[in-house]
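Here are a few exercises to help you find your way around a new structure. Have a look at it first, then try each task before reading its solution.

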Amino acid sequence: MCKRTDRRARGGGEAGFSLIELMVALGVTLVIMVVASQLLAMSMAVRSRENQRAEAVADAQRALQAMTREISNAGLGMSNNGLVDEDSDDLSIRVRSNLNAFCAAGVACDSDTGDAGEDVIFAVINNTTGGGGDNQRLITRQDKNSSDAISPLANRVDGLEFQYYTSGGAETATASLAQKVKITVTVTLPAVGSPKTAGYQPASQVQLTSEAVLRNLLLSL
């Protein structure tokens, strides 16, 4: 007589996962993958924004340092502060100086401001050459003595503002009366992603300022 052996009585060693167990495991895996993808998207967006911020701020800082240095030299070897009223307002500034006014051994000098770098205009302009309607704004340096050559100082800026102050600290709209110039550069970072989505970063704005004291008034001839 044959004896039937019931495999279920041997224990669960050879039994597989049930359908319910597989569905639960799959659901847990999907949840983990969704959470992980959201965290990855968020970290990538934050990293992208921080890279943009670092590049834009560094670009603006270089422009700010260049402008501060040249504006501080305004009026060197001249009888005024070197700022030209008709070309100096809150959006642009014209700086004149006689950089080789003081003679030294082996150095040629003159009494005018006709050499390269001695008559410069700083301004912010709109640049639409990139296409796509981005309307990027640039800080530019225009050398009046080098065929009006224009060179960009920064291309990741949103605004540029000049404010003029007298020796007594009062703000003035007349640049030729200024003893100090405050320069403000604004950098606006666009939003990354869409609201209520993983990794969304809202638009933000950074302002950098510098003050250029027209110290060469004390050295005017």
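**Exercise 1: the open sheet**

In which order do the four strands of the open sheet run? Work it out, then follow the pairing from strand to strand.

Solution. Keep in mind that this is a predicted model.

Step 1. Get the overall layout: the protein has one helix and eight strands, and from the N terminus on the elements run α-β-β-β-β-β-β-β-β.

Step 2. Now the sheet: its order is β6-β5-β7-β8, and the pairing is antiparallel. Strands of a sheet pair through backbone hydrogen bonds, either parallel or antiparallel.

Step 3. Find the edges. β6 (171-172) and β8 each pair on one side only, which makes them the edge strands.

Step 4. Count the bridges. β5 and β6 share two, β5 and β7 share seven, and β7 and β8 share 10.

Step 5. Pick out some residue partners. Y164 sits opposite T172 in β6, L160 sits opposite V185 in β7, and V187 has V206 in β8 as its bridge partner.

Step 6. Check the link between β5 and β6: they make a hairpin with five residues in between, and G169 in the turn has a positive phi of about 95 degrees.

**Exercise 2: the nonpolar core**

Find out which elements build the largest nonpolar core, and look at one of its residues up close.

Solution.

Step 1. The largest nonpolar core has 31 residues, and M67, I71, L83, I93, F162 and V181 have the most contacts inside it.

Step 2. Among the elements that give two or more residues to this core are α1 (19-72), β1 (92-96), β5 (159-165) and β7 (180-189). The top contributor is α1, with seven residues.

Step 3. Zoom in on V181. Setting aside neighbours within four places in sequence, its contacts include I71, L83, I93 and F162, as well as L214.

Step 4. Look at β5 too: six of its seven residues are buried, so this strand is largely enclosed by the rest of the structure. In the protein as a whole, buried residues make up 34% of the 221 residues.

**Exercise 3: charged pairs**

Trace the salt bridges around R94, then compare them with what you find at R62 and at D143.

Solution.

Step 1. Side chains of opposite charge can pair when their charged atoms come close. The structure holds six salt bridges.

Step 2. Start at R94. This residue forms a salt bridge with D87 at 2.8 Å, N to O, and one with D119 at 2.7 Å, N to O. D119 lies in strand β2 and R94 in strand β1, so this pair ties together parts that are 25 residues apart in sequence.

Step 3. Extend the chain of partners: salt bridges that share partners join D87, R94, R96 and D119 into one network.

Step 4. Check burial. R94 counts as buried at 16% relative accessibility, while D87 is partly exposed at 27%. D119 is buried.

Step 5. Move to R62. Its salt bridge is with D59, where the closest N and O atoms are 3.3 Å apart. Both residues are in helix α1, three residues apart, about one turn of the helix. D59 is buried, with a relative accessible area of 8%.

Step 6. Finish at D143, in strand β3 (residues 136-143). D143 is buried yet has no salt bridge, and the nearest side chain of opposite charge, R141, is 4.0 Å away. Beyond its neighbours within four places in sequence, D143 is in contact with A116, G117, D119, D148 and A149.

Definitions and conventions. Residues are numbered from 1 along each chain as its sequence is written. This is a predicted model: local features need pLDDT of at least 70, side-chain atom pairs count only at pLDDT 80 or more; totals for chains, interfaces and linings use all residues. Side-chain values use heavy atoms; hydrogens and water are left out. A nonpolar core is a set of buried Ala, Val, Leu, Ile, Met, Phe, Trp, Tyr and Cys residues joined through side-chain atoms within 4.5 Å. Buried means under 20% relative accessible area, exposed over 50%, partly exposed in between (1.4 Å probe, protein chains only). Contact means heavy atoms within 4.5 Å. Two strands pair if DSSP finds at least two bridges between them. Lys and Arg count as positive and Asp and Glu as negative; His and the chain ends are not counted.
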